[in-house]
Every structure is written in structure tokens, then in C-alpha cells.
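Here is a walk through one protein model, starting with a single helix and working outwards. Have the structure open while you read.

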Amino acid sequence: MDKLFIIRQPIANELALLNETLTESLHTNSPLMNEVIQVYLESKGKQIRPILVLLCAKLFGDVPRAAIDAAASLEMLHNASLIHDDVVDESQKRRGLPTINHLYDNRIAVLTGDYFVSCALACSIKTNKMPIVSCLGILGRDLARGEIDQLSNARNHLLDEAAYFEVIRRKTASLFYACMQVGALAANAPVPMVERLSLFGEKLGLCFQIKDDIFDYYEDKVIGKPTGNDLREGKVTLPLIYAITHGEGSENERMRTLLLNEESLSAEEVHTLIEYAKREGGIEYAYETMKRIRNEAVALLADFPPSDIVDALIAILDYTIDREK
């Protein structure tokens, strides 16, 4: 049985209500906008992030209405960022399906993303909890900053593990942090528990991005992301950073020269760098790093009584690391 199906079971009713809320919140009188929104609703993915919000709230009893609205808000903001990312990256596919910018054009995609942001803000206000609204604002800032920093690192050919983690903390982990935070806030959880759950979310998000980056070192047509796509865009991720910063000898110097001196890598050069990262243990190091972060995340749940919800949170963490796409 699908692991996510099992994880969803404790919050199946709340997820159904979430999707109703998304449909209602995004509905408009514009036929074109509704057409574009329908494309999104038919390809909205696994919804791991709103699942985290709802599970987190359920740790403290029945899921309140504020948690539903908070989950919908975060899901819309997340998808707004994806729509805008697809425009920036000129992506033609996401989740194996055509992107909005590919089906229509960049103008419609950008405006649709803006519309999602506005709907996310409106939905967050419905929670009547200013800390949740504030969390959404901070998240939007962090997501944008993470993407800008990643572009800056690529332009400056920065090969530094600490800088890599700072980027993925902002551009990916901040969203998982926010999911756990607003779920706990919606349930009026005690401050120490809000903090521990938020940090759990951040560590889950770090693992999510590291695993995503590993995919780029292997061919996978299903996810519509060819091998080496990140490198072609100048983004150097953890496996290659490790190989470059720990390797020695003339081959290492040659790899450094490729990364530091080439403005645009050829397909052959991308392949060479990927194979070097694999030979030098970069993939193994990335998995070891995820394992360490995973253990740190689980430790943050140690003070919570054993329950199906705690088990589900750990299951999502393990699913993130073990997933095939």
C-alpha cells in the first residue's frame, strides 16, 4: 500500500475539507483564470506540506478550522512560488505535466502566481491569528531570498557547504518549518512545543531538498528533470560540493577549473562532473547527511507521547528520504 495513503488516514476528512477550501478560495469570475486554476487543481501533487500542517494540529486534539485555512494558505503560497520558478527556469514540465507557462505564456503564469499569493494572504487572515499571518509574510521573504542567494552563489561560483545549507534552509526548509509552526499555532500549542515542531519541519525540509538534489545526478524522465539540470544552471549541490572540497590531485584541480572558469557547461562537462561526484563519494555523503539530520529531527519528537500522529510525522520524514521521485 502507498506510504502516503497510510500517512493521510488520520486526517482524511480534514484533507477533503482542505481541498474544498482551495477550490473555493481560488474561484473567480474570470473564465481564463478558472481554466488555469483547473490545470493546477488537476496536478497539485502529493500535498505533503498541508498534510504536515494538519498532522501537527492533530497532535493537540481535533483539527481546528484555523488549521484548515492555514494549510490552504501555505499550499497556495507554495504553488505560487513553483509557478514563478517555472517561469524563471523556463520549465516545460512539472510533476510530469505541462507547466502553466508552457501551456499558456509567461504573462499568464506570472499573474496566476500573483493571484495565488493574494488568495494565500486572504486565507491566512481567515484564521484570525496574526502570528499565522506573520509567519506567511516571513515565509514569502525567505523563499525569495533563498532563490536569490542560490543565483548569487552560482554567479560567484561559490563552492561552500555552509552556503549551500543556508540556501536550502531558506528556499525549501523554511516552508516545512512554517507548516509545522502554523499547525501548532492554530492548535494553540505551548511555545516550547511550537518551537520543537517547527525545527522538526526545518530538518525535514533540509532532507527533502538534499534528496531532490540527488535526483539530478541520475536520469529520471518521470519527474521531467534531466540529469545535470542544476549544473547546467550553475547550481552546485551537496554531492559535488563534497567531492570538490574533499578531493585532491590533478583531477580535482581539473574539476575545480571546470566549475570556476566555465560560464556555460557543455553536456559532456556536466557528465564529467556528475561522474566525479559519484566516484568521490558525494552521493554517499549526501545520504549520510540526511541520516544525521533525520536522527536530529526524530529526537525533537521525543517529548511527545507515542501516537499515530507522531508515527505519521516520522513516516513522512522517512518517506522523504526513501522516495524515488
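Helix α12 (residues 238–246) is largely enclosed by the rest of the structure, because seven of its nine residues are buried. The buried ones are Leu 238, Pro 239, Leu 240, Ile 241, Tyr 242, Ala 243 and Ile 244. What sits over them? The cover on the buried residues of α12 includes α9 (161–186), α10 (191–215) and α11 (229–232), along with α13 (249–261), α14 (267–279) and α15 (282–299). Keep in mind that this is a predicted model.

Stepping back to the whole chain, the protein has 16 helices and two strands. Its radius of gyration is 20 Å, close to the 20 Å that the globule rule gives for 325 residues, so the protein is as compact as a globular protein of that length. If you prefer a box, the C-alpha atoms fill one of roughly 60 × 50 × 35 Å along the principal axes. Of the 325 residues, 51% count as buried. The contacts have a long reach too: take those between residues at least 6 apart in sequence, and 74% of them join residues at least 24 apart.

On the outside, the protein exposes about 15,200 Å², with carbon and sulfur atoms supplying 53% of that area. As for charge, there are 35 positive and 48 negative ones, and the mean positions of the two sets are 2 Å apart.

Now for the aromatics. How many aromatic pairs does the structure hold? There are five. One of them joins Tyr 40 and Phe 116, whose ring centres are 5.0 Å apart with planes at 80 degrees, so this pair is edge-to-face. Tyr 40 belongs to helix α3 (residues 31–41) and Phe 116 to helix α7 (residues 106–125), so to speak a link between distant parts of the chain, 76 residues apart. Tyr 40 and Phe 116 are both buried. Another pair is Tyr 164 with Phe 165: the ring centres are 5.4 Å apart and the planes again at 80 degrees, so that one is edge-to-face as well. Tyr 164 and Phe 165 are buried too.

Tyr 40 turns up again around Glu 75, which is a residue of helix α5 (residues 65–89). Is Glu 75 buried or exposed? Glu 75 has a relative accessible area of 2%, so it counts as buried. Leaving aside residues up to four places away in sequence, Glu 75 touches Leu 22, Tyr 40, Lys 44, Gln 47, Arg 49 and Pro 50.

Helix α5 also holds Leu 82. With the same kind of exclusion, up to four places along the sequence, Leu 82 touches Arg 94 and Arg 95. Arg 95 in turn has a distant partner in sequence: Lys 325 is 230 residues away along the chain, yet their C-alpha atoms are 9.2 Å apart in space. Lys 325 lies in the segment after α16 (308–322). For contrast, the C-alpha atoms of Leu 82 and Asn 261, 179 residues apart along the chain, are separated by 31 Å.

Here is how three of these residues compare in accessibility:

| Residue | Relative accessibility | Class |
|---|---|---|
| Glu 75 | 2% | buried |
| Leu 82 | 11% | buried |
| Lys 325 | 46% | partly exposed |

Terms used: Residues are numbered from 1 along each chain as its sequence is written. This is a predicted model: local features need pLDDT of at least 70, side-chain atom pairs count only at pLDDT 80 or more; totals for chains, interfaces and linings use all residues. Side-chain values use heavy atoms; hydrogens and water are left out. Helices (H or I, at least four residues) and strands (E, at least two) are DSSP runs, numbered from the N terminus. The radius of gyration is taken over C-alpha atoms; the globule rule is 2.2 Å times the number of residues to the power 0.38. Buried means under 20% relative accessible area, exposed over 50%, partly exposed in between (1.4 Å probe, protein chains only). Contact means heavy atoms within 4.5 Å. Accessible areas come from the Shrake-Rupley method with a 1.4 Å probe; for residues, only the protein chains shown count as cover. Lys and Arg count as positive and Asp and Glu as negative; His and the chain ends are not counted. The place of a charge is taken as NZ of Lys, CZ of Arg, CG of Asp or CD of Glu. Rings of Phe, Tyr and Trp (its six-membered ring) pair if their centres lie within 6.5 Å; planes under 30 degrees apart count as stacked, over 60 as edge-to-face and the rest as tilted.
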